[in-house]
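Got your viewer open and a selection box ready? Let's take a short walk through this one, stop by stop.

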Amino acid sequence: MIWLVAFAAAVVIGLMLPLRLPLGPNYWDTNIYLDAAQRIEVGQLPNIDFFAPVGPLGYYLVTWLHALFPQAQPMLLANWGILPVALPMMALIAAHVGQRSRGQALALLLPFLLFASLPINLHSLYPMPGFDGFGHYNRHISLLLYLLVSTLLFVEARRLQVGLVVLLMLTLFLVKVTGAVSGTFLVGYAVLSGRMRLRDASVAAALVIAVLAPLDFVTGIVRAYVDDILTLLGLNTGALLPRFLTVASVKFNVVGPSLLLLVALAYAAWLEGGRLSRARLHGLLAAPLGWFAAVLLALTLFETQNTGSLEFIGLWPVLLVILAEWSGRTDRLGRIVTVLALVVALPSALIFAERSTRAVLGAVNYKALAVPDLGPLGRVSVKPDIAERAVIMLAHYAAQQAGYRDLAERGELPSYILYSEIDYQATWLLEVQQGITAIRAWEAANGRRLDSLFTLDFTDPFNQLLDRRPPRGVPIGVDPGRTTPEIDPPTLESLKQVDAVLVPKCPLTTARETIAAHFSEALKGRRLVALAPCWDMYLKA
């Protein structure tokens, strides 16, 4: 409990302080949570008033934290958004397991606290050190699945187990439905292996429905969430096999040793011999071999729908069971199993620690960007040469519009991994700063306040930064072909009432051109205003 309380205190202090964090790849993903907070604060409901690719709970948790800590750095705010529900559940698990073994309780608690500590993913998209601005809700699901596996394997008290399963399944569903799918598979396996009674699992399922049903009756948010997921499935069709291959290649440092460990455990089970009876099969299901295979499959299924987070940390509780059973054996097979279990676990911890340390140490020599009007969103730092490059690139993009339009027409980005490049994220922040300056100057010169704004870009920072009202119906993150459904009449009407539609131009990209074409109907009848070198504005008459 001392570890847990100290961690919680560090989180609160981190949210209270105006920290400046080293900029990392895809930082603009973090702004989606600030956009959601603004929409919720003006009365919009996730999945009802705006299309969202995930559930509403994560947005609400971050919104509540934002209300308590308005000056918190957004990456910390988004990363720690799940902790108000996850930490109490971790405390219950640790307290329960600690009654039997303080060592096991610590072995479950400390890895969880490590991976929950900082916005770091286990797969790097860019070589320079920085905190990851993307994958927040995927990290949330990974932590929740860690708790679910811990509950199913280590919680002996039936009522506590059922209560935790109910809370975890509710949270998984309301954060991201693919996490709930993996969670359901794990609970089903717990029933098959005898770790959870069928009656208890049925009670847990009934309680989950008993919570969701009135929630949907009062708000309609569950049905809207399911509709958004079905729409998302329609937009994201494709074969499943390539996704499995992607997971295996990206996380081979875990998947490879895991497969070898499965072979070793299967060989050990074969050496034990015995006829394959019903009792023998049940024993295999309940053994570490069965649990490791089941958890590996469940986590792999989740990772096929997921890009970048804390992949496969849910294996750790099973590895703890394996180490407890095998580490005392001195024979060759015992040593092989122990080493393989450590090889599965240690790379994730080392990568997390290495990337975190690089980001913290590298930030010592970093400098702040000149973005005074961006508030907490602008509290990031970069290498001095990247800060200089961002200024140069913003001016270059503005001066070379024709060249980048040619690239966009050819279907190419200025760089193959443009959005993962830290220097582009720095340029994007400068572009937003230019936009805010230009909007305020235009309003002062024309004596008119633009009460609602919409930006033809992946994420829209202006309504939150300027405290304006976002339109209803538009996606929380506009990703062409992935999270951008067809515009329905209510959404189109809402867009037509927007005072100004902002068009970013530094640089012109395929995505920005596609987004502009997608919302072209909402631009009809508006007057085009050249707002700034990097911004145009379609003004409502």
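## First stop: the disulfide

Select Cys506 and Cys534: they form a disulfide, with sulfur atoms 2.1 Å apart (a disulfide here is a pair of cysteine sulfur atoms within 2.5 Å). Before you go on, note that this is a predicted model, in which local features need pLDDT of at least 70 and side-chain atom pairs count only at pLDDT 80 or more, while totals for chains, interfaces and linings use all residues. Residues are numbered from 1 along each chain as its sequence is written, and side-chain values use heavy atoms, with hydrogens and water left out.

Back to the cysteines. The link of Cys506 and Cys534 is left-handed, at -90° about the S-S bond. It joins distant parts of the chain: Cys506 sits in the loop between β5 and α23, Cys534 in the loop between β6 and β7, 28 residues apart. (Helices, as H or I runs of at least four residues, and strands, as E runs of at least two, come from DSSP and are numbered from the N terminus.) How many disulfides does a search of the whole structure find? The search turns up 1.

Now colour by accessibility. Buried means under 20% relative accessible area, exposed over 50%, and partly exposed in between, using a 1.4 Å probe and protein chains only. Cys506 is buried at 0%, and Cys534 is buried at 0% too.

## Second stop: the sheet

Next, show β4, β5, β6 and β7 as cartoon. These 4 strands form an open sheet in the order β4-β5-β7-β6, with mixed pairing. At the edges are β4 and β6 (527-532), each pairing on one side only. From one strand to the next, the twist averages 25° (axes are lines fitted to C-alpha atoms, for helices over the stretch in contact, and angles run from 0 to 180 degrees between N-to-C directions).

Zoom in on β5, residues 500-504. Two strands count as paired if DSSP finds at least two bridges between them. On one side, β5 runs parallel to β4 over 3 bridges; pick Leu453 and you'll find Ala500 as its bridge partner in β5. With β7 (residues 535-539), β5 is antiparallel, and 5 bridges join the two. For a landmark there, select Val503, which stands opposite Asp536 in β7.

Are the residues of β5 buried or exposed? Buried: 5 of its 5 residues are. Turn the strand around to check both faces: Ala500, Leu502 and Pro504 are covered on one side, Val501 and Val503 on the other.

## Third stop: salt bridges

Switch on the charged side chains. A salt bridge here is a side-chain nitrogen of Lys or Arg within 4 Å of a carboxyl oxygen of Asp or Glu, and the structure holds 19 of them. Three are worth a click.

- Select Asp457 and Arg512, whose closest N and O atoms are 2.9 Å apart in their salt bridge. Asp457 lies in the loop between β4 (453-455) and α21, Arg512 in helix α23 (residues 510-518), 55 residues apart. Both Asp457 and Arg512 are buried. Add Glu431 to the selection: salt bridges with shared partners join Glu431, Asp457 and Arg512 into one network.
- Move on to Glu443 and Arg468, a salt bridge with its closest N and O atoms 2.7 Å apart. Glu443 is in helix α20 (residues 422-446) and Arg468 in the loop between α21 (462-466) and α22 (489-496), so the pair ties together parts 25 residues apart in sequence. Glu443 is buried at 12% relative accessible area, and Arg468 is buried at 5%.
- Finish with Arg410 and Asp406, which form a salt bridge with closest N and O atoms 2.9 Å apart. Here Arg410 is exposed at 60% relative accessibility, and Asp406 is partly exposed at 33%.

## Last stop: helix α3

Now jump to residues 57-68, helix α3. Put a distance between its first and last C-alpha atoms: its 12 residues reach 17 Å, close to the 16 Å expected at 1.5 Å a residue (the expected span is 1.5 Å times one less than the number of residues). How many of the residues of α3 are buried? The count is 9 of 12, so call this helix mostly covered. To see some of them, select buried residues including Tyr59, Tyr60, Leu61 and His66.
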